[in-house]
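Reader: I'm new to this, so could you take me through this structure and tell me what the terms rest on?

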Amino acid sequence: MTIDQYRLEEEPTYHPSGDEVAFYESAYAARLPVMLKGPTGCGKTRFVEHMAWRLGKPLITVSCHEDMTASDLVGRFLLGPEGTHWQDGPLTMAVRHGAICYLDEVVEARQDTTVVIHSLTDDRRILPLEKKGELVHAHPDFQLVISYNPGYQSVLKDLKESTKQRFSAVDFTYPMASVEASIVASEADVSADIADKLVKIAEKSRHLRGQGLEEGASTRMLIHAGRLIKTGMTLTDACKHAIIVPITDDPDMRGALDAVVDACA
């Protein structure tokens, strides 16, 4: 397995909505770790992919989850035909070879797992492999990026202050309506009229956040709905299956969202 397989061959389309591109370029030049904060499906992952392509660096993405262990990140000893051998985890591979390592939704991982990143996010830039007895010094091109959704913060699922303060950060939110419509039209290959209607539906659903919805419709959901419409499905049915049913089980809230779709259709 070589690091070159993690290089993006084609440019991931990304529509800037602020100074995030300039910020990231500066952070990478200074080799500062970066934290992306924003709601689900607003473009954080696409942004990292775009910046990795723009900088010409390999990108290793880890989708964090509650069962992930430190060994899943740094590596472990495996038993093979020729005996026991060490296999680097995705974080160690990025550290050794100078890739960008992206920990997506990092708060989903246990805090005792994510503590392994601390020594990589200060001037030391080292990764101790305790099981192997090795100290890996980060390649000059290595950078660590994490993301999470502040809307899901709780006592049990939040980053420690000792972790947060190691990162430079940028806030993400859903793009302004005209930009979001352009994204949906491009990604889903639908007309500007359809894209505008989907964005209006999303905006109204986001106003219901905290009134029965944890999150409104994301840009990703709008693209999914657009792709269903592209196959011949009606806007009403596409919104039902791509937006309403996924985000709520409450009959009253589904009824309210149905009315939103009917008003915008």
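Author: Here are a few questions and answers on helix packing, the cavity and burial. This is a predicted model, where local features need pLDDT of at least 70, side-chain atom pairs count only at pLDDT 80 or more, and totals for chains, interfaces and linings use all residues. Residues are numbered from 1 along each chain as its sequence is written, and side-chain values use heavy atoms, with hydrogens and water left out.

Reader: What makes Lys 197 of H8 and Leu 257 of H11 part of a contact?

Author: Contact means heavy atoms within 4.5 Å. Lys 197, Lys 200, Ile 201, Lys 204 and Ser 205 of H8 make the contact with Leu 257, Val 260, Val 261 and Cys 264 of H11. By class, that gives five nonpolar, one polar and three charged residues.

Reader: Why is the space lined by Arg 31, Leu 32, Pro 33, Leu 120, Arg 125, Phe 142, Gln 143 and Leu 144 called a cavity?

Author: On a 1 Å grid over the protein atoms alone, a cavity is a set of points where a 1.4 Å probe fits but cannot get out, and lining residues have an atom within 4 Å of a point, so those eight names belong to the lining. About 40 Å³ of space lies in this largest cavity, and the whole structure has one cavity of 30 Å³ or more.

Reader: What makes a residue buried, and what share of the chain is buried?

Author: Buried means under 20% relative accessible area, with a 1.4 Å probe and protein chains only. Of the 265 residues in the chain, 48% are buried.

Note on methods:
Helix = DSSP H or I, 4+ residues; strand = E, 2+ residues; numbered from the N terminus. Nonpolar A, V, L, I, M, F, W, Y, C, P; charged D, E, K, R; others polar. 1 Å grid on protein atoms, 1.4 Å probe; cavity = no way out; pocket = protein on both sides within 12 Å on 5 of 7 lines; lining within 4 Å. Points joined across faces, edges and corners; volume = space filled by probe spheres on them. Buried < 20%, exposed > 50% of the residue type's maximum accessible area, 1.4 Å probe, protein only.
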